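Here is a short briefing to read alongside the model. Take a look at the structure first, then follow the points below.

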Protein chains: 2
Amino acid sequence: MDRVPILRMGKTLLVTIQVDMQDQTALALQDDLAERIAKTGATGVMIDISALEIVDSFVGRMLASISGIARILSAHTVVVGMQPAVAITLVELGLSLDGVKTALNVERGMAVLRRAEEADLGAR
Amino acid sequence: MDRVPILRMGKTLLVTIQVDMQDQTALALQDDLAERIAKTGATGVMIDISALEIVDSFVGRMLASISGIARILSAHTVVVGMQPAVAITLVELGLSLDGVKTALNVERGMAVLRRAEEADLGAR
């Protein structure tokens, strides 16, 4: 069980991170996500980190990297469910999650993705 | 990280099981789900087990138990993403997941929950 499952909900792929991310798991997740975005034509990726009590620079980089990969594949990424203590720690550590969109919970995250997609369509 | 996160999507609560279920984790999940159903008035519970390569009688009982608890709280439960090998093993073991609805993936699971809810409304 070293792969994080990716659930498809319409045009959004949902990932719930529950286990400590090791190098292998993080790389596998990036690969799997890239493949699923390409295969499904998903326009949004939602990553739930509500189970994480610690987000260190490794996880921060992984989130930024996933976000970058998804962007190249024409999908937006939003990170949801961050615990308040995690946000405090991130700021204290000077990790700003550049380029990573966040939202309080899944429903607000869905709204963020919908708006981002509408903005894309408008810009075309 | 011994609690499985529960995500709310509209009137459905979504749980992705990724870790081996121990007694404590399973009990905590049942408690958390019961509380969340009562608090949010959710009408559906979706449990994704696509990451599980083995579903033994303990997990089988947990799924049946969650389904029963949800039912008493007026919510339907659907288990999605079961791997084919898991289905084969379950039948070989004589575990039939009585009273547990299943669906191939999240989208079909959503349809099952929607139909179940409509049937409830029609019956009133």
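A turn of 180° with a shift of 0.0 Å along the axis lays chain A on chain B at an RMSD of 0.0 Å, with copies superposed by least squares on the C-alpha atoms of residues with pLDDT of at least 70 in both. That is the relation of a two-fold axis. Of the interface residues of chain A, 95% are also interface residues in chain B, so the copies meet through the same surface.

This is a predicted model, in which local features need pLDDT of at least 70, side-chain atom pairs count only at pLDDT 80 or more, and totals for chains, interfaces and linings use all residues. Residues are numbered from 1 along each chain as its sequence is written, chains are lettered from A in the order in which they are written, and side-chain values use heavy atoms, leaving out hydrogens and water.

**Helix 2 of chain B**
- Helix 2 covers residues 57-72 of chain B, helices being DSSP runs (H or I, at least four residues) and strands likewise (E, at least two).
- Its buried residues include B:Val59, B:Leu63 and B:Ile66, where buried means under 20% relative accessible area and exposed over 50% (1.4 Å probe, protein chains only).
- Helix 1, strand 3 and strand 4 of chain B are among the elements covering these buried residues.
- The face turned away from the buried side carries the exposed residues B:Arg61 and B:Ile72.
- Just after the helix, B:Ser74 takes a positive phi of about 65°.

**A:His76**
- A:His76 lies in strand 4 of chain A and counts as buried at 7% relative accessibility.
- Its side chain makes a polar contact with that of A:Asp120 at 2.8 Å.

Note on methods:
Contact means heavy atoms within 4.5 Å. The expected span of a helix is 1.5 Å times one less than its number of residues. A polar contact is a pair of N or O atoms within 3.5 Å; within protein, one must be able to donate a hydrogen and the other to accept it, and residues adjacent in sequence count only if both atoms are side-chain atoms.
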